[in-house]
Amino acid sequence: MTELTEALAEVELTDGSHLYSNFAYGVLAEAIAKRQQTSLAVLLKQVLFTPAGMTHAQLALADSPPALNLAQGHNSLGQVVPHWTFQSLAGAGAVLATVEDMSRYVQFLMAKSANQDPIVTNLLQPRLQQSSCCAQALGWMISYDDEQRPYAWHNGQTGGFSSFVGFYLDGSKGVVVLNNQATSVNEQALQLLTH
């Protein structure tokens, strides 16, 4: 935590223009956990993993036992790479989950979105137009298909893995694509979701 505090002391705030930052997501997660006076692992289990039925989800923390049956990750050249673990900033990519867990997560959010749950509605509210493709919500991108139906999506990549999660805001369809190679799956996932 000392290194994180020192790193934050060197951060200079910009003019407010948008820039995606894994560091910022990691800091945000740490700040929320600190505000709740618990660890991020405990907080995620309480407010997300358990309510969404994500029975195998956990964080890849340096001081935690390794996940069972974790797929071997590969870099973009197909070479085996070691699994990442986190001591801090776990909110920027430390979640380990099965495809079944992630499917439950998407179904959980789709149901809440379709039923206009106020927290999820706020989460998925567009905040900033990025370009003609999409708008930034809280942690999600909001895009529109050819029929102008809105869907939320987010992708990610860590050492050896990539992912894409997306779903229609009306709860009609969702997709989870998990890959054990650090190469983009966006094109394939968007094709599955929107066609």
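Arg-149 is partly exposed, its relative accessible area being 31%. In this predicted model, the side chain of Arg-149 meets that of Asp-145 in a salt bridge, with an N to O distance of 3.2 Å. Asp-145, by contrast, is buried, at a relative accessible area of 7%. Together with Asp-170, these two residues belong to a network of salt bridges.

**Salt bridges**

- The model contains 4 salt bridges by the rule applied.
- The pair Arg-149 and Asp-145 is one of them, and a network of salt bridges links both residues with Asp-170.
- Because buried means under 20% relative accessible area and partly exposed means between that value and 50%, Asp-145 at 7% counts as buried, while Arg-149 at 31% counts as partly exposed.
- A salt bridge also joins Arg-104 to Asp-101, where the closest N and O atoms are 3.2 Å apart.
- Both Arg-104 and Asp-101 belong to helix α4, which covers residues 99-114. The two positions are 3 residues apart, or about one turn of the helix.
- Asp-101 is buried, with a relative accessible area of 0%, whereas Arg-104 is partly exposed at 32%.
- Lys-112 pairs with Asp-117 in a salt bridge whose closest N and O atoms lie 3.8 Å apart.
- The distance of 3.8 Å between Lys-112 and Asp-117 qualifies because the rule asks for a side-chain nitrogen of Lys or Arg within 4 Å of a carboxyl oxygen of Asp or Glu.
- Lys-112 is partly exposed, with a relative accessibility of 28%.

**Overall fold and dimensions**

- The protein chain comprises 6 helices and 10 strands.
- For 195 residues, a compact globule would be expected to have a radius of gyration near 16 Å, and the value of 17 Å for the protein chain agrees with this.
- Taken along the principal axes, the box filled by the C-alpha atoms of the protein chain is roughly 50 × 40 × 35 Å.
- Of the 195 residues in the protein chain, 34% are buried.
- Among contacts in the protein chain with a separation of 6 or more, 48% involve residues 24 or more positions apart.

**Residues brought together across the sequence**

- Leu-61 is placed in the loop between β1 (58-59) and β2 (73-74).
- Beyond its neighbours within four places in sequence, Leu-61 makes contact with Ala-41, Thr-85, Phe-86 and Ala-90.
- For one of these partners, Ala-90, the C-alpha atom is separated from that of Leu-61 by 7.5 Å, although the two residues are 29 residues apart along the chain.
- Ser-88 occupies the loop between β3 (80-81) and β4 (95-96), and this residue is partly exposed, at 26% relative accessibility.
- Ser-88 and Gly-26 are 62 residues apart along the chain, yet their C-alpha atoms are separated by 7.6 Å.

**Second largest pocket**

- Rolling a probe the size of a water molecule over the atoms reveals where empty space remains.
- The second largest pocket holds about 310 Å³ of space.
- Its lining consists of 12 residues, and those nearest the centre of the second largest pocket are Val-11, Glu-12, Leu-13, Thr-14 and Ser-21.
- By class, the lining of the second largest pocket divides into 7 nonpolar, 4 polar and 1 charged residue.

Conventions:
Residues numbered from 1 in each chain as written. Predicted model: local features only at pLDDT ≥ 70, side-chain atom pairs only at ≥ 80, totals over all residues. Heavy atoms only, no water. Helix = DSSP H or I, 4+ residues; strand = E, 2+ residues; numbered from the N terminus. Buried < 20%, exposed > 50% of the residue type's maximum accessible area, 1.4 Å probe, protein only. 1 Å grid on protein atoms, 1.4 Å probe; cavity = no way out; pocket = protein on both sides within 12 Å on 5 of 7 lines; lining within 4 Å. Points joined across faces, edges and corners; volume = space filled by probe spheres on them. Nonpolar A, V, L, I, M, F, W, Y, C, P; charged D, E, K, R; others polar. Rg over C-alpha atoms; globule rule 2.2 N^0.38 Å. Contact = heavy atoms within 4.5 Å.
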